[in-house]
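Here are my notes on this one, written so you can follow along with the structure open. Take the points in order and find each residue as you go.

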Amino acid sequence: MPSDLQSRRTTKLRKLPRAFFAREAEQLAHDLIGTILVHRIDGKQVSGRIVETEAYVGAHDLACHAAKGRTARTEVMFGRAGHAYVYLCYGIHDMLNIVSGHPEVAQAVLVRAAEPLDGWQANLSGPGNLAKGFGITRRHNGLDLTGGEIFLLEDPSYVPRIVRTRRIGVDYAKEWKDAPLRFIDADSGAVSRPRFR
DNA sequence: GCGTCGATGGCA
DNA sequence: GCCATCGACGCG
C-alpha cells in the first residue's frame, strides 16, 4: 500500500522560484516557515527546515538596516528578490537574510533558526548559529538563492503551526520595536527563545 | 532559571 | 558609539 510516508518520500520537492520571494517581506517570512534551506558544497549538501524568521519591511521600518539609507552594506536589499543579504553582526556573527519585495524597496527576511535534516547534527538555533552551521558568510552576500549553491525547497507535506511575536534585539527601533514580525514554528524545539513574546 | 557581561569588527 | 548575537558565569 502506498502509505502517506512512502508517497511523501518519492515526492520531488520543488525549488522555490523567484516569484516566491518577490512578495512583501511579512508574507514571505510567514511562508518560509517549514521550507527547507539547502547548501551544496563540494558535491555534498546539508539541509535544514526553517523554523524561525523575521521580516524587515523597508526603509520606514526603524529596525531595518535600510532605515539608515542606501549604503554599500544595504545595497543588495534594494535589488532583486531572492538574493542573499549577509552581514556581520556584533563583529562576530554572520547573518543570512533573503531579499524580498521589489527592486528599490529595501525589504528582507532574516532566517533565525532551522532544524537539521537527513541525520545532520548541528545547532541551527539563532541566526548566528544558523549561518555558522550552514557555512554561510559574507562571501555569499548577493548570491542568487534560486541557483544551485544555496537554495530553498518547498515541502507541502509539512504544515507548521505558525505563531507570531515581536522581533528579537530591536528595542532601539522606537514605534517599530514591538511590531509582530517574527514568525516561529510553535512545535519546533529549534526555535531560539521559544517563549519570547 | 534568571540577569549580566565580554568578545569583536564594520559601520554611520 | 552603536549594534537584527552567543555562551559563560554567578547567583541562590
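1. Start with Thr71: an N or O atom in the side chain of Thr71 sits 2.6 Å from a phosphate oxygen of DNA strand B. Keep in mind that this is a predicted model.

2. Now look at the bases of the same strand. A polar backbone atom of Tyr90 is 2.2 Å from a base oxygen of DNA strand B. For Gly91, a backbone N or O atom lies 3.4 Å from a base nitrogen of DNA strand B.

3. Who else is around DNA strand B? The surroundings are made up of Thr71, Arg73, Leu88, Tyr90, Gly91, Ile92, Arg138 and Arg195. Of the atoms of DNA strand B that come within 4 Å of the protein, 59% belong to sugar and phosphate. By class, the residues here are three nonpolar, two polar and three charged.

4. Over to DNA strand C, which has 20 residues around it; His65, His93, Met95, Asn97 and Tyr172 come nearest. Here sugar and phosphate make up 64% of the strand's atoms within 4 Å of the protein. This surface has 11 nonpolar, eight polar and one charged residues.

5. Three side chains are worth a click. Each has a polar atom by a base nitrogen of DNA strand C: His65 at 2.8 Å, Tyr87 at 3.3 Å and Asn97, through an N or O atom, at 2.5 Å.

6. Is Asn97 buried or exposed? Asn97 counts as buried because its relative accessible area is 4%, under the 20% cut-off. Asn97 is part of strand 4 (residues 93-99), and its contacts include His83, Tyr87 and Leu110.

Terms used: Residues numbered from 1 in each chain as written. Chains lettered and ligands numbered in written order. Predicted model: local features only at pLDDT ≥ 70, side-chain atom pairs only at ≥ 80, totals over all residues. Heavy atoms only, no water. Near = heavy atom within 4 Å. Polar contact = N/O pair within 3.5 Å; in protein donor to acceptor, adjacent residues only side chain to side chain. Nonpolar A, V, L, I, M, F, W, Y, C, P; charged D, E, K, R; others polar. Helix = DSSP H or I, 4+ residues; strand = E, 2+ residues; numbered from the N terminus. Buried < 20%, exposed > 50% of the residue type's maximum accessible area, 1.4 Å probe, protein only. Contact = heavy atoms within 4.5 Å. Lists of a residue's contacts leave out its neighbours within four places in sequence.
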